[in-house]
Amino acid sequence: MNPVIRAQLRDFAKANSITAYTQEKQFEIYSIFSILNGLLGESVDAYNVHLEGDEFGVDGIAVVIQGESVNSRQEAEDKLATINNPSIEFIFFQAKTSTGYDYGDISKFFDAVSGFFDGSLKGESDAIDDLIGAMDAIYEKGVGKRNPKLSCYYVATGNYEQPTRIEKLRAGSRVELEELNIFDSNTIAIEIVGARDLQQWYRAATTAVEVEIDFPRNVVMPTNEHVEEAYIGYIDAANLLALYVSKDADEEVVGINRSVFFDNIRDYDSKSKINISIKDSVRAGGGAEFVFRNNGITVVSKNIDRTGDRFRLEDFQIVNGCQTSNVIFDLVYGDGGSEGKGDRNLTKAIQVPFRLIGSKDDEFVSSIIVGTNRQNPVRDEQFWALRPFMKSFEEYCRSLEAEEIIYFERRDNQYRNQDVERTRVMQPSVLMKAVAACLLFQPQRAARDYRGILSEYENVIFLDEQDVRIYHAVAYLYYRLEFLWRNQRIENGYKTFRYYILAGIGLRLTEAKNVFTMKKGKLASVSDALLELCKNEDGLKDAVTDIVKLVEERLKDMGVATQERIRDTIRSETFASMFRERVVPSFT
């Protein structure tokens, strides 16, 4: 194996708690991570995309709806029900530690991709069948104004020299996929990846975003106690694009780095009437009027190093400007209006209003994000994460002794460039699901309807005056379970019952009482008891086994056996009610 990749793999395995896996399995997850998080800028957990078994021709499948991965029909249907005209992408991965590119292995990979959509891959594993169910739901309910994207990545550790025979195979496979007429043909990507790209994308996924731009037409903004420096003016498209394009090892632009955006880059539809009109207008006028018609872009950077008109930005985020950024990318690199072709000459002709703010004050940055996104469709949990309670929670979790630390990610990719155990990083949506199951005793709703729970219990959970310790204990329990799964210390199949495990432990430790009405002393004792259980690995494993046994016995009594029926059954209120009564007979 390439020595640089070996070193990266060693660090990755340690940070993601997968050292118990074979090197081949580690490499598969590492490759998925490098592509998803480094190249594509997705905040998707590669571990959950990876296929655990020895499925034919494929190591991982990501079905991504509006930036979130789904793994079953129910998850897809629940996600689709909340979004109009969603952005959908299917991403396939196959990774080999060898330096060679085997024609037979690549052919199997392409066969697996085709088989996923024509049904011939069905029955390969329960995980594959669940993902096919998600795909079926998408084509039944989710394809409106635009077809899904398709991306396929075959990875090895050598240098891909584009041999004629394999290139013919790749071209033929692309034609076959296009002829299915179920994808956006302009976005089908079939990539054969080598060591250089993999190394670069892994670094992009694990280090702070850093770029240099020329910003000569700037004016210094007024001083502010929360701001180190700030500038306003306008910038040409070439320097704007430098902030958010993704490149391969040869410095060729391959797409947009979604990770640098706060607002939802996926809400952009290149084929909408308004965006086509904007692009056609720019082409007709040469871009000279763009600066007068556009509201501009705001960038917040933790570090700014200025030398004359040259600005070096490190750890920055584009906090608004999704439409502007996408329109300019389309105009320069392709899909630009009715002609559909890119025009590099526009990089100097187009000027864009631009604000650059240097600040390390998270609360002030949060206020900028809220102020610049009030008109945009931002995820509820993103704004929830900006609440004062969440700030206190983050600070508390990060201040604990090493064993109890949880890194609460109030902003997407907040810890991407920090040397932390990735399994300890928790997003707001994950915390909400865990709380819904463990403290509200709603395992049937936790995964699929946590936003509904959030709305229903808005005046009950995450309140400023509440004790952060019980929330930390729940987050720590979630982490410990994930750690045990990743290190193969509890059965992988138990993941199906993740939220019932959380609910069962919560019901027993609280005696089914409402923790939010408990006196401080009682609440503290519950928090301490939960932490004590988490640190007692044998005790925690026994609790998991006992709760899973209870669930499985009830499913057996009901005659529920197939994975699909199990998933449907445990999402019902009737089953959840019976579960609560079995765990705590006095529960009402």
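## Exercises on a predicted model

Five strands of this predicted model make an open, mixed sheet, ordered β2-β1-β3-β4-β5.

**Exercise 1.** Find which strands stand at the edges of the sheet, each with a single partner strand.

*Solution.* Read the order from end to end: β2-β1-β3-β4-β5. β2 (68-70) and β5 (189-193) are the edge strands. Each has a single partner, so one side of each lacks a neighbour in the sheet. On average, neighbouring strands are turned by 25° against each other, direction ignored.

**Exercise 2.** Describe how β1 pairs with β2, and name the helix that packs on the sheet.

*Solution.* Start with β1, residues 60-65. β1 and β2 run antiparallel and share three bridges. Ile-65 sits opposite Glu-68 in β2. Now add helix α2 (residues 23-39), which packs on the sheet. Helix α2 touches β1, β3 (88-95) and β4 (149-155). The direction of α2 makes about 145° with that of β3.

**Exercise 3.** Locate the largest nonpolar core and the helix that gives the most to it.

*Solution.* The largest nonpolar core has 105 residues. Leu-477 is one of those with the most contacts inside it. Helix α20 (residues 468-486) gives the most, with 14 residues. A second, separate core has 39 residues, including Phe-90 and Tyr-160. Back to Leu-477: its contacts beyond four places in sequence include Cys-438, Leu-502 and Leu-540.

**Exercise 4.** Decide whether Arg-582 is buried, partly exposed or exposed.

*Solution.* Place Arg-582 in helix α25 (residues 573-583). Its relative accessible area is 38%. Buried means under 20% and exposed over 50%. Arg-582 is therefore partly exposed. Beyond four places in sequence, Arg-582 touches Leu-550, Arg-554 and Asp-557.

Technical notes. Residues are numbered from 1 along each chain as its sequence is written. This is a predicted model: local features need pLDDT of at least 70, side-chain atom pairs count only at pLDDT 80 or more; totals for chains, interfaces and linings use all residues. Side-chain values use heavy atoms; hydrogens and water are left out. A nonpolar core is a set of buried Ala, Val, Leu, Ile, Met, Phe, Trp, Tyr and Cys residues joined through side-chain atoms within 4.5 Å. Buried means under 20% relative accessible area, exposed over 50%, partly exposed in between (1.4 Å probe, protein chains only). Helices (H or I, at least four residues) and strands (E, at least two) are DSSP runs, numbered from the N terminus. Contact means heavy atoms within 4.5 Å. Two strands pair if DSSP finds at least two bridges between them. Axes are lines fitted to C-alpha atoms, for helices over the stretch in contact, and angles run from 0 to 180 degrees between N-to-C directions.
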